[in-house]
Amino acid sequence: MADAFDKLSLNHSDNDSKAYNKLLKSAERRTIKLKDSGPQVKVVTHELFVPLTKDELAEVSHAFSAENKKKILVSHENSSIDIRGEVLQCLKPGSWLNDEVINLYLELLKERENREPKKFLKCHFFNTFFYKKLVSSEGGCNYKAVKRWTSQRKLGYCLFDCDKIFVPIHKDIHWCLAVINKKDRKFQYLDSLRGRDGKVLNALANYFVEEVRDKSRQDIDISSWEREHVEDLPAQKNGFDCGMFMLKYIDFYSRGLSLSFGQEHMRYFRSRTAKEILRLRAD
């Protein structure tokens, strides 16, 4: 059954082609702005903003319908995550994203990297439960609680070999992102409301030192690594899109791209993410 989602989604009609071009130009303007502020910016690619086809929109709209609320729409074998219609509905405009959708999307990003390793940075995507397990109630680092999460046998690769390690952070009703950026020797914190949290960066720095020591029997010197609260980043302008911003920070960074999007792209990204989850394949 059609609802407001259908009217707001991108499709191939003349009006929505104009909307797509407008979104793309908006992203390109942000890329130009970022280029002016420094040389290390990769140009945004059109594949990040390809509009959904009519069939894809129909598939997403049907998945959001009331008749599918209790149905399992997709099951991801490797992670054992099932997505019911009522869970997927968090991707409708105006809703907060939930753990299941976020964690499945992160699984799909890793599978995407494995399919095309030359196209994407080598990354690890922790799920939404990792950070809660890592930190104690006092905000310290409880490495023993998570040391078994990252054995090479379990992952199929060494965590230390990754360019970037993404850590979702949930603060009551707000999603943020932390990144162990080995490629650029940084610990980064990204908050779509421009918040700051040095405790998160300290916890991840301590974790990384312990992880390298435990898995490689070596000590790593991180004294020269920058602890960065990323300032020039897309910011949300409402009270519910923080999770979507976090996922796109991860998506763009895993491609080695600048964060060339904004609030105006969130409705499109929600429908695109729903499509990718329904097809169990991140583009």
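Where does Leu280 lie relative to helix 10? Leu280 sits in the segment after helix 10. Keep in mind as you read on that this is a predicted model.

## Residues with a positive phi

Let's stay with Leu280 for a moment. Its phi is near 50°, a positive value in a residue other than glycine. That catches the eye because most residues other than glycine have a negative phi. Leu280 counts as partly exposed, because its relative accessibility is 27%, which falls between the 20% and 50% cut-offs.

Asp172 has a positive phi too, near 60°. You'll find Asp172 in the loop between strand 4 (164-171) and strand 5. With 72% relative accessibility, Asp172 counts as exposed.

## Strands 5, 6 and 7

Strand 5 and strand 6 make a hairpin, with four residues between them. In that turn, Arg185 has a positive phi of about 55°. The two strands pair in the antiparallel sense over five bridges, and Ile180 stands opposite Phe187 in strand 6.

Now follow strand 6 to its other partner. Strand 6 and strand 7 (residues 226-229) run parallel and are joined by four bridges. Within that pairing, Gln188 has Glu228 in strand 7 as its bridge partner. To get from strand 6 to strand 7, the chain goes through helix 8 (residues 198-216), making a right-handed β-α-β crossover.

How enclosed is strand 6 (residues 186-190)? Four of its five residues are buried, so strand 6 is largely enclosed by the rest of the structure.

## Helix 5

Helix 5 covers residues 99-115. Its 17 residues should span 24 Å at 1.5 Å a residue, and the end C-alpha atoms are indeed 24 Å apart, so the expected and modelled lengths agree. At the start of this helix, a side-chain oxygen of Asn98 comes to within 3.4 Å of the backbone nitrogen of Glu100.

Plenty of helix 5 is tucked away: the buried residues include Val101, Ile102, Leu104, Tyr105, Leu106, Leu108 and Leu109. Some residues with polar or charged side chains are buried here as well, among them Asn103, Lys110, Arg112 and Glu113.

## The nonpolar cores

The largest nonpolar core has 51 residues. Which of them touch the most other members? Those are Ile83, Leu91, Leu190, Phe261 and Ile277. Several elements each supply at least two residues of this core, including helix 3 (54-63), strand 2 (81-84), helix 5, strand 5 (174-181) and helix 10 (266-278). Helix 9 gives the most, with nine residues.

Apart from this core lies another one, of 31 residues. Tyr131, Val167, Ile169 and Phe208 are among its members.

## A buried arginine

Arg255 is found in the loop between helix 9 and helix 10. Is it buried or exposed? Arg255 is buried, since its relative accessible area is 8%, under the 20% cut-off. Its side chain makes a polar contact with the side chain of Asp251, at 3.0 Å.

## Cysteines

How many disulfides does the structure hold? The count is zero. As for individual cysteines, Cys90 counts as buried because its relative accessibility is 6%. Cys141, at 28% relative accessibility, counts as partly exposed.

Definitions and conventions. Residues numbered from 1 in each chain as written. Predicted model: local features only at pLDDT ≥ 70, side-chain atom pairs only at ≥ 80, totals over all residues. Heavy atoms only, no water. Expected span 1.5 Å × (residues − 1). Buried < 20%, exposed > 50% of the residue type's maximum accessible area, 1.4 Å probe, protein only. Polar contact = N/O pair within 3.5 Å; in protein donor to acceptor, adjacent residues only side chain to side chain. Core = buried A, V, L, I, M, F, W, Y, C linked by side-chain atoms within 4.5 Å. Disulfide = S-S within 2.5 Å. Pairing = 2+ DSSP bridges. Right-handed = clockwise from strand over helix to strand, strands pointing away.
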